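Biologist: Before I plan anything at the bench, I would like a close look at one part of this protein, namely its aromatic residues and how they sit together. Please take me there step by step, starting from the overall layout.

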Amino acid sequence: IGTKITSPFTGALLFVFLRFSTSTILLSILVLFAKRKKIKISEYRDFAFLGFLLAINVIFFTLGIAHTTIIMSTLIYSLTPVLVGVAGHFFLHEALNRQKILGLCIAFAGLLFLINQSLSNYQQDALGEPIGNILIFIAMLGYSYYVFQSRKILHTKNHHALQTTFLTFIFTTICSFIVLLFVFSTGNIVIKSLPYEGIFGF
């Protein structure tokens with residue numbers, strides 16, 4: 001909801017950068033007093049990849065939410081636990097029962113039906129525009145892979161959750177800043193004055 005309120009005023013990319021740069025600064029204070037693990041230089045690639053995946057999620061979500069409804073975006077993101085469960089089965093050797101497989105099939109069938117319905121003009125008020133739903137779907141895939149990869153790193157390399165989040169946010173901020181600079185150079189960013197209620201979007 002906050003994204004839908006604030007991003008029209010700041011622009012999607014600037015909104016993502018401001019949100020994550022602010023969060024990173026706040027997390028840095030918490031990390032100072034939290035339990036930390038010494039990170040090897042080679043391990044920073046894992047956090048860079050996590051940051052990239054999270055950047056895909058937040059950038060595509062912020063772009064897509066302007067063209068779809070909150071209800072539809074929530075329904076699309078409901079696929080996340082199922083996709084993470086399937087990935088966990090094949091790559092982390094976690095149990096995958098028939099209920100999860102059936103749930104995945106039903107979820108995908110339902111999603112395809114809803115996207116097909118959104119192609120009808122009379123359904124767009126409830127289900128959003130097709131381009132918005134496609135962008136949200138890409139964001140959901142990025143988030144699902146991010147969740148899976150986070151679990152893999154935390155479980156196999158014994159990193160601390162807060163430290164992992166902090167380092168991931170640093171790389172997400174860097175990724176969003178690079179994309180922001182590129183778009184800014186094209187002159188496609190328009191910044192409007194932010195109303196009082198828009199501050200809560202962050």
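Modeller: From the N terminus on, the elements run α-α-α-α-α-α-α-α-α, so that the chain has nine helices and zero strands; please keep in mind throughout that this is a predicted model. Of the 202 residues in the chain, 41% are buried. Among the contacts between residues at least 6 apart in sequence, 82% join residues at least 24 apart, and the aromatic residues you ask about offer one example of a link of this kind between distant parts of the chain.

The count of aromatic pairs comes to eight. One of them is formed by Y77 and Y143, whose rings lie 6.1 Å apart from centre to centre with 50° between their planes, a tilted arrangement. In this pair Y77 belongs to helix α4 (residues 70–77) and Y143 to helix α8 (residues 130–157), and the two are 66 residues apart, which makes the pair a link between distant parts of the chain. The partners also differ in how they are covered: Y77, at 19% relative accessibility, counts as buried because the cut-off for that class is under 20%, whereas Y143, at 30%, counts as partly exposed.

Y143 has a further ring partner in Y146: the centres of these two rings are 6.0 Å apart and their planes stand at 35°, so this pair is tilted as well. Here both residues lie in helix α8, three residues apart, which is about one turn of the helix. Y146 is buried, with a relative accessible area of 13%. Taken together with F61, the tyrosines Y77, Y143 and Y146 form one aromatic cluster.

From Y146 the picture can be followed to L54, since Y146 is among the residues that L54 contacts once its neighbours within four places in sequence are left aside; the others are F20, T168, F169 and T172. L54 lies in helix α3 (residues 44–64) and is buried, with a relative accessible area of 6%. As for T172, it stands 118 residues from L54 along the chain, yet the C-alpha atoms of the two are separated by 6.3 Å.

Helix α8 can be reached from another direction too, through a polar contact. T68, in the loop between α3 and α4, is buried, with a relative accessible area of 4%, and its side chain is joined to that of N133 by a polar contact of 2.6 Å.

For contrast with these buried positions, it is worth turning to the surface, where the chain exposes about 11700 Å², 70% of it supplied by carbon and sulfur atoms. L26, I29, L32 and F33 form a nonpolar patch there, with about 500 Å² of accessible area together. Within this patch, L26 has its place in helix α2 (residues 12–32) and counts as exposed because its relative accessible area, 52%, is over the 50% cut-off.

To return to your request, then, the part to look at is the cluster of F61, Y77, Y143 and Y146, in which the tilted pair of Y77 and Y143 links helix α4 to helix α8, and Y146, a buried residue, is in contact with L54.

Technical notes: Residues numbered from 1 in each chain as written. Predicted model: local features only at pLDDT ≥ 70, side-chain atom pairs only at ≥ 80, totals over all residues. Heavy atoms only, no water. Phe/Tyr/Trp six-rings, centres within 6.5 Å; stacked < 30°, edge-to-face > 60°. Helix = DSSP H or I, 4+ residues; strand = E, 2+ residues; numbered from the N terminus. Buried < 20%, exposed > 50% of the residue type's maximum accessible area, 1.4 Å probe, protein only. Patch = residues over 30% accessible without salt bridge, like charges linked within 9 Å, V, L, I, M, F, W, Y side chains within 5 Å. Areas by Shrake-Rupley, 256 points an atom, 1.4 Å probe, with all protein chains shown as cover. Salt bridge = Lys/Arg side-chain N within 4 Å of Asp/Glu carboxyl O. Contact = heavy atoms within 4.5 Å. Polar contact = N/O pair within 3.5 Å; in protein donor to acceptor, adjacent residues only side chain to side chain.
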